[in-house]
Amino acid sequence: MIFEMDGSIPNEPTEREDVVEYLDGHPTFLCDYIHRNPHLLDNYVIDNVDEATASGWLAKVQKAPPTELLQTLRIDYLKEKNCAQHHTDKYIHKDLVVRRADSFLLDLYFKNRKYRAAKDHIFLEFAIGNSKTAKGTLFRVPVKNSLQGGPWSGKILAKDKKAKKITVQVNIPADAIIGRYKLTVEVTSVLDDGPKTERIAKPDLIVIFNPFKPADVCFMDDEAQRDEYLLKDTGIIYYGQYYRMGGKRWFFGQFEEGILDIALKLLREDSRAKKNPVKSLKQRFSPVYCSRVLSAMVNCSDDKGVLYGRWDGEYADGKRPTTWDGSVKILKQWNETNMEPVKYGQCWVFSGLLTTVLRALGIPARSVTNFQSAHDVEFNMTIDTFVDEDGEKADIDVGDSIWNFHVWNEGYFRRPDLPKGYDGWQAVDSTPQEESSGIYQCGPAPVKAIKNGEIFIGSDTNFLFGEVNADRLTWIVGNDQEVEELIKRETRHVGRNISTKAVGSNAREDLTKHYKHLEGSAEERAAFSRAYAHAKKPQYHEKLDTIEKEGDIKINIEPVGDVINGQTVKVAVKVQNDTTVDKSATVSIVLKTMLHNDQRKAFLKRVKYEKPIKGGQVETQTIELPFNEYGRHLADNAVIRVVTTVRVKETNKFYVDSFDVQVDSPDCITLESEDQLKRNSYNYVKITIQNPLPVPLTNAAFSLDGSGFSGNDIKIKDPIPPKGAYTHTAEIYVYRSGALTLMVDFDAVEIMNIKTEKDVTVVG
């Protein structure tokens with residue numbers, strides 16, 4: 001019979017009778033499970049056994065055993081001491097969590113007598129996976145008087161004759177497979193009638209990566225960075241526009257109960273692990289392999305992964321992506337619903353989840369936001385857009401797009417699988433965009449290779465280079481749908497203000513210089529040429545160098561004043577004649593709301609006019625959009641795109657430009673609570689939402705999230721009238737001491753992504 005690493009039975013029966021029948025036929029399974037989880041028996045005895053029965057049991061075990069075989073009583077993992085040494089004390093977990101490339105201590109207690117070195121031989125057997133015969137997954141560690149620094153080894157540090165125990169130091173090698181290990185204690189005693197052996201299964205322990213030790217490939221030298229990228233369970237994920245960046249707090253929660261087990265489960269449930277479990281298991285010594293598998297399993301596009309991505313604005317059978325403020329609820333929902341994909345997420349949610357599971361396994365990780373992020377479907381290092389004379393997209397569509405922002409991840413580790421020079425931060429992306437080796441996965445790609453356009457390194461370096469440094473090309477298409485000419489080439493449009501949370505503060509750190517050379521520099525153009533030389537080139541790229549010098553007409557689009565949801569939006573379109581010659585121009589301005597993946601949601605308005613523009617002059621057209629024209633058409637990202645085209649009559653030249661106007665959420669939510677909350681007790685917070693719109697808010701709900709507390713989402717039954725307010729007092733149970741961030745999200749049909757937060761201290 002094969003059992004899962006957590007002791008459960010695959011395809012476990014749901015009927016109680018089936019369970020009883022199975023255990024009756026397999027009593028050794030129950031004994032083995034109790035040995036590995038002694039707290040279950042302890043709790044049963046405390047709750048159900050009377051004093052007389054317990055006394056009878058005690059009398060039996062106090063009798064001398066029939067032989068002098070040294071019998072193991074129990075094992076003490078010295079959890080508090082080991083977890084402090086291994087920096088795993090924040091994990092809420094019943095089992096011992098330790099890091100490889102280090103040693104840990106355990107106390108081994110015996111029932112009947114003291115340990116005698118000349119007579120008793122002890123082995124600690126660490127097994128990972130279900131196969132008992134697979135080489136490299138079972139490690140027999142003799143307990144000796146010395147410790148080997150490299151492989152698995154064990155050393156007796158101390159003996160306590162009175163307590164009948166020994167203290168053992170166990171070394172975990174730097175290349176150990178990460179995961180759950182079953183420990184079996186084997187004692188062989190040499191007796192008068194020959195050797196006798198006893199084997200007893202003990203509680204499991206979990207081994208993870210170790211950024212604290214130089215021998216581990218995940219080693220991170222800087223203590224402040226380790227604290228930020230490994231031990232912090234909250235952070236900031238950036239979003240919005242390159243000219244108006246926002247940051248949303250995210251609760252990663254890598255230490256919360258169940259999250260480490262879920263991260264390991266994701267590695268087991270990957271298709272590669274299902275196809276060849278032993279091969280996959282052995283590869284789990286490598287953060288390269290683990291991060292790539294997790295990039296596939298965080299999305300549900302191929303396997304029974306966690307999150308369902310959706311970008312069309314239709315979320316009736318799930319939650320809006322903007323609702324989420326953290327990873328824990330998503331991961332637990334997936335796990336508790338038999339791996340049903342959680343609906344729905346977009347890039348920042350995928351990134352938040354990946355940061356969580358990477359940190360849970362001991363890999364330093366961070367979420368990274370790229371503004372004006374290219375999605376190069378053709379892998380030709382260019383984003384090709386085809387327009388007609390009105391500036392509308394032509395029927396030719398290769399699938400390329402530029403997202404206002406896109407969020408991926410970086411993991412920090414060495415790359416012994418690559419030539420020298422590629423250690424450090426590695427880009428990895430779990431948002432399902434393009435297949436890699438037949439699976440929606442991406443990375444890990446060395447950031448250094450991306451910067452230099454070395455797309456031949458592999459691991460999806462080509463796709464990631466395109467995201468940060470592709471050229472944006474605009475082609476005009478004739479009535480016959482033939483590509484006529486390249487009318488605009490932008491070399492600085494893609495990959496702006498690449499951002500992550502700074503170490504030790506809530507400030508933004510700009511990572512752009514790590515991903516690309518200075519825009520327009522010889523090094524940057526050389527990196528592009530290097531990548532383009534290895535790219536796939538479509539036929540119309542033969543016209544790439546036919547573009548004439550631009551500059552006769554310049555288009556500038558900018559919002560007028562603050563752009564706040566619920567108020568009238570004003571946009572100024574300026575057309576400048578940069579020559580000394582008067583020109584006659586036909587100007588077309590199109591306004592439309594956009595989805596996050598660069599697709600149009602709704603057409604709003606078109607303004608078209610002809611006007612002479614004198615040499616050196618600027619003509620300005622101001623367009624107003626009242627709320628009733630755009631409000632119901634806004635998507636999650638609340639973006640209105642303004643596309644302007646200009647056709648000059650005298651030269652027949654065509655000019656185009658676009659600008660995405662970010663509609664900001666009004667400041668309309670408050671969160672009140674005591675500055676100090678009490679641990680292990682219920683506390684109260686008051687949330688108030690003020691409707692900022694001239695229409696009622698319907699199907700509204702609050703969602704609470706944060707480290708160290710539990711609480712329920714709050715649905716609001718009745719509509720909130722225009723300019724009206726709604727207040728709710730929520731009860732939360734706080735179970736972790738120290739600093740805590742309370743985060744609240746408010747969503748309704750008419751307005752969404754309204755967030756606030758408060759930092760509090762938990763005492764007691």
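**A tour of strand β7 and Ser401**

Select Lys165, Thr167, Gln169 and Asn171 on one face of β7, then Ile166, Val168, Val170 and Ile172 on the other: both faces are covered, and all of these residues are buried (under 20% relative accessible area, where exposed is over 50% and partly exposed is in between, with a 1.4 Å probe and protein chains only). In a regular strand, side chains alternate between the two sheet faces. The model is predicted, so local features need pLDDT of at least 70 and side-chain atom pairs count only at pLDDT 80 or more, while totals for chains, interfaces and linings use all residues. Residues are numbered from 1 along each chain as its sequence is written, and side-chain values use heavy atoms, with hydrogens and water left out.

Now show the whole of β7, residues 165–172. Eight of its eight residues are buried, so the strand is largely enclosed by the rest of the structure. Strands (E, at least two residues) and helices (H or I, at least four) are DSSP runs, numbered from the N terminus.

Next, add β3 (residues 102–110), which runs antiparallel to β7 and is joined to it by eight bridges; strands pair if DSSP finds at least two bridges between them. Leu106 is the residue opposite Val168.

Then add β6 (residues 153–160), antiparallel to β7 over seven bridges. Lys155 has Gln169 as its bridge partner. Four residues separate β6 and β7 in a hairpin, and Lys164 in the turn has a positive phi of about 55°.

Finally, go to Ser401 in β16 (residues 401–413). Ser401 counts as buried because its relative accessibility is 4%.
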